[in-house]
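These are my notes on the model you sent. They are set out as numbered points, to be read with the structure open.

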Amino acid sequence: MGGYADDLFNIFYRMEPHTMAGEALPTAVREARLQQQYGVLETIEKVRETDNACSRATKKTIQVLKKPGASPLLSASS
C-alpha cells in the first residue's frame, strides 16, 4: 500500500461494495472523502504582503497536502 488512507478505498470497496458505494458519486470524490475523514491532511497557508504592495489586501495561498497515515478508526470494526 502507499501509506495513505485513500489507498485502502479499493480494498474496502471489494469487501463491502454496498456500504462503500453509498451515494452516486464518482470514485475520486469518495476516495477524497475517505482521506478527509480517516487520513492525515496538512494545510499550508502562506501570506505575502510584499507581493501585493499596491493593494491593502494580502496575498494568501492555501495548499492542502495529503500525508501518509490513517486513523485507527479506519480499521475498527463496527
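1. Which exposed residues does the face of α3 turned away from its buried side carry? They are A28 and Q36. Please find both in the viewer before reading on, and keep in mind that this is a predicted model.

2. The overall layout comes next. The protein has three helices and two strands, and from the N terminus on these elements run α-α-α-β-β. Of the 78 residues in the protein, buried ones make up 10%. The accessible surface comes to about 6200 Å², and carbon and sulfur atoms account for 52% of that surface. Among contacts between residues at least 6 apart in sequence, 46% join residues at least 24 apart.

3. Helix α3 covers residues 27-38, which is twelve residues. From its first C-alpha to its last, the helix reaches 16 Å, close to the 16 Å expected at 1.5 Å a residue.

4. The buried residues of α3 are R30, L34 and Q35. Seen down the axis of α3, these buried residues fall within an arc of 140°, so they line one face of the helix. A general point helps here: an α-helix has 3.6 residues a turn, so residues three or four places apart point the same way.

5. What do the buried residues of α3 pack against? Two of the partners are helices, α1 (9-15) and α2 (17-21). The others are the strands β1 (39-48) and β2 (59-70).

6. L34, in helix α3, deserves a closer look. L34 has a relative accessible area of 7% and is buried, because the cut-off for buried is under 20%. Not counting residues up to four places away in sequence, L34 touches A5, D6, F9, G39 and L74. The C-alpha atoms of L34 and Y4 are separated by 10.0 Å, although the two residues are 30 apart along the chain.

7. Is A5 buried or exposed? A5 is found in the segment before α1, and at 0% relative accessibility it counts as buried. Leaving aside its neighbours within four places in sequence, A5 is in contact with L34, Q35, Y38, G39, G69, A70 and L74. L34 and Q35 in that list are also among the buried residues of α3. The C-alpha atoms of A5 and E31 are separated by 8.6 Å, with their positions 26 residues apart along the chain counted as the separation.

8. Y13 and A21 can be taken together. Y13 is found in helix α1, while A21 lies in helix α2. Y13, at 30% relative accessibility, counts as partly exposed. A21 is partly exposed as well, with a relative accessible area of 25%. Leaving aside neighbours within four places in sequence, Y13 is in contact with M20, A21 and R30. With the corresponding residues left out, A21 touches Y13 and R30. R30 appears in both lists, for Y13 and for A21, and R30 is itself one of the buried residues of α3.

9. Two smaller items concern rings. How many aromatic pairs does the count come to? The count is one aromatic pair. Separately, K66 lies over the face of Y4, at 4.7 Å from the ring centre.

10. To check your reading, go back to α3 and view the helix down its axis. R30, L34 and Q35 are its buried residues, and their arc of 140° puts them on one face, so the helix has a buried side. A28 and Q36 are exposed on the face turned away from that side.

Key
Residues are numbered from 1 along each chain as its sequence is written. This is a predicted model: local features need pLDDT of at least 70, side-chain atom pairs count only at pLDDT 80 or more; totals for chains, interfaces and linings use all residues. Side-chain values use heavy atoms; hydrogens and water are left out. Helices (H or I, at least four residues) and strands (E, at least two) are DSSP runs, numbered from the N terminus. The expected span of a helix is 1.5 Å times one less than its number of residues. Buried means under 20% relative accessible area, exposed over 50%, partly exposed in between (1.4 Å probe, protein chains only). The arc is that of the directions from the helix axis to the C-beta atoms. Contact means heavy atoms within 4.5 Å. Rings of Phe, Tyr and Trp (its six-membered ring) pair if their centres lie within 6.5 Å; planes under 30 degrees apart count as stacked, over 60 as edge-to-face and the rest as tilted. A charge sits over a ring if NZ of Lys or CZ of Arg is within 6 Å of the ring centre and within 35 degrees of the ring normal. Accessible areas come from the Shrake-Rupley method with a 1.4 Å probe; for residues, only the protein chains shown count as cover.
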